[in-house]
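Please find below my note on the structure you sent round. The points are numbered so that they can be answered one by one.

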Amino acid sequence: MSTSNQQWTPTHGEPYRPVAYRPARMPGAESLARAARLRQRMDERRTVRQFSTDPVPEQVVRDAVACAATAPSGAHQQPWTFVLVKDPEVRARIREAAEREETLSYDGRLGEEWLAALRPLGTDAVKAHLTDAPALVVVFQQRYWLGGDGTKRKHYYVDESVGIAVGMLLSALHLSGLAALVHTPSPMRFLGEVLGRPENEKAFAVIPVGYPAEDCEVPDLVRKSLDQVMVEV
């Protein structure tokens, strides 16, 4: 098991080296209480598109990313990179490029069926959250491992692994008192160019992070109930 003072190195081809795992078993009553509280807290999570420009503690964001990086991944290859963008000029460039692509999408590239699905959410091509939110995390998926000498090794279950990590990031941010939004401009190739990412990385999502604006509004939505999303056999 890795610890904070160890640096990960590629384990491709190494033998299986197990270590003991003996976590303390939580009493049933405590487990029930924690689960109920967590369910309540997560039900309060909302996607926010109107952010306050007030700064947030950067260490909270870093700790949330560290939580996300504990996600399970195919063959434990951890195929993700989280870029914390703080430079206002870089963020302005990202917003300009994103709005350019989004304008094309909302002007017809998406198609009416997709636009109809988005309409209840009140979204449009203006992406003020990219410059208003005090923190911006751009998530990249590493399609393959790239060594310093140019060696390449395929990564497995990349989409699934990075998707799980992003879900854990959103949970960690929410439970730490911050709001977030998953923004996926299409296409996203410009993100790698603006941020100077290597050839093995592909943009996965842009996540503005901060506090909701004082006049923040969210769509009047209803989540599916438990019996609508879970089947017991």
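The points go from the overall make-up to the strands, then to the charged pairs and the surface.

1. Status and overall make-up. The model is predicted. The chain holds 8 helices and 6 strands, and read from the N terminus the order is α-α-β-α-α-α-β-β-β-α-β-α-β-α. The C-alpha trace spans about 55 × 55 × 40 Å along its principal axes. Of the 233 residues, 35% count as buried.

2. Strand β2. Residues 135-142 make up strand β2, and 8 of its 8 residues are buried, which leaves the strand mostly covered. In a regular strand, side chains alternate between the two faces of the sheet. In β2, Ala135, Val137, Val139 and Gln141 point one way, while Leu136, Val138, Phe140 and Gln142 point the other way. Both sets are buried, and they include Gln141 on one side and Gln142 on the other.

3. Pairing of β2 with β1 and β6. Strand β1 is joined to β2 by 6 bridges, and the two run antiparallel. Within this pairing, Val83 has Val138 of β2 as its bridge partner. Strand β2 also pairs with β6, again in the antiparallel sense, over 8 bridges. Here Val139 is matched with Ala205 of β6. Val138 and Val139 point opposite ways from β2.

4. Strand β6. How many of the 10 residues of β6 are buried? The count is 8, so the strand, residues 201-210, is largely enclosed by the rest of the structure. Besides its pairing with β2, β6 is joined by 2 bridges to β5, residues 179-180, and that pair runs antiparallel as well. The bridge partner of Ala180 in β6 is Val209.

5. Glu201 and Arg197. A salt bridge links Glu201 to Arg197, with the closest N and O atoms 2.7 Å apart. Is Glu201 buried or exposed? Its relative accessible area is 12%, and the cut-off for buried is under 20%, so Glu201 counts as buried. Arg197, at 28% relative accessibility, is partly exposed. This pair therefore joins a buried acidic side chain to a partly exposed arginine.

6. The network around Glu58. The whole structure contains 12 salt bridges. Glu58, Arg62 and Lys86 are linked in a network of such contacts. Glu58 meets Arg62 at 2.8 Å, N to O, and meets Lys86 at 3.5 Å, N to O. What do these two contacts connect? Lys86 lies in the loop between β1 (80-85) and α3 (88-109) and Glu58 in helix α2, so their pair ties together parts that are 28 residues apart in sequence. Glu58 and Arg62, by contrast, are 4 residues apart within helix α2, which means about one helical turn separates them.

7. Exposure of the network. Each member of the network is partly exposed: Glu58 has a relative accessible area of 35%, Arg62 is at 39%, and Lys86 is at 46%.

8. Negative patch. Asp54, Glu214, Asp215 and Glu217 form a negative surface patch. Asp54 sits in the loop between α1 (28-43) and α2 (58-68), and at 45% relative accessibility it counts as partly exposed. Why can Asp54 belong to a patch? A patch residue needs over 30% relative accessible area and no salt bridge, and the 45% of Asp54 meets the first condition.

9. Nonpolar patch. Leu226, Val229 and Met230 make a nonpolar surface patch of about 270 Å². Met230 is placed in the segment after α8 (226-229). Its relative accessible area is 40%, so Met230 is partly exposed.

10. Arg95 and Ala24. Arg95 is located in helix α3 and is partly exposed, with a relative accessible area of 22%. How far apart are the C-alpha atoms of Arg95 and Ala24? They are separated by 47 Å, with the two positions 71 residues apart along the chain given as their spacing.

Note on methods
Residues numbered from 1 in each chain as written. Predicted model: local features only at pLDDT ≥ 70, side-chain atom pairs only at ≥ 80, totals over all residues. Heavy atoms only, no water. Patch = residues over 30% accessible without salt bridge, like charges linked within 9 Å, V, L, I, M, F, W, Y side chains within 5 Å. Areas by Shrake-Rupley, 256 points an atom, 1.4 Å probe, with all protein chains shown as cover. Salt bridge = Lys/Arg side-chain N within 4 Å of Asp/Glu carboxyl O. Lys, Arg positive; Asp, Glu negative; His and termini not counted. Charge placed at Lys NZ, Arg CZ, Asp CG, Glu CD. Buried < 20%, exposed > 50% of the residue type's maximum accessible area, 1.4 Å probe, protein only. Pairing = 2+ DSSP bridges.
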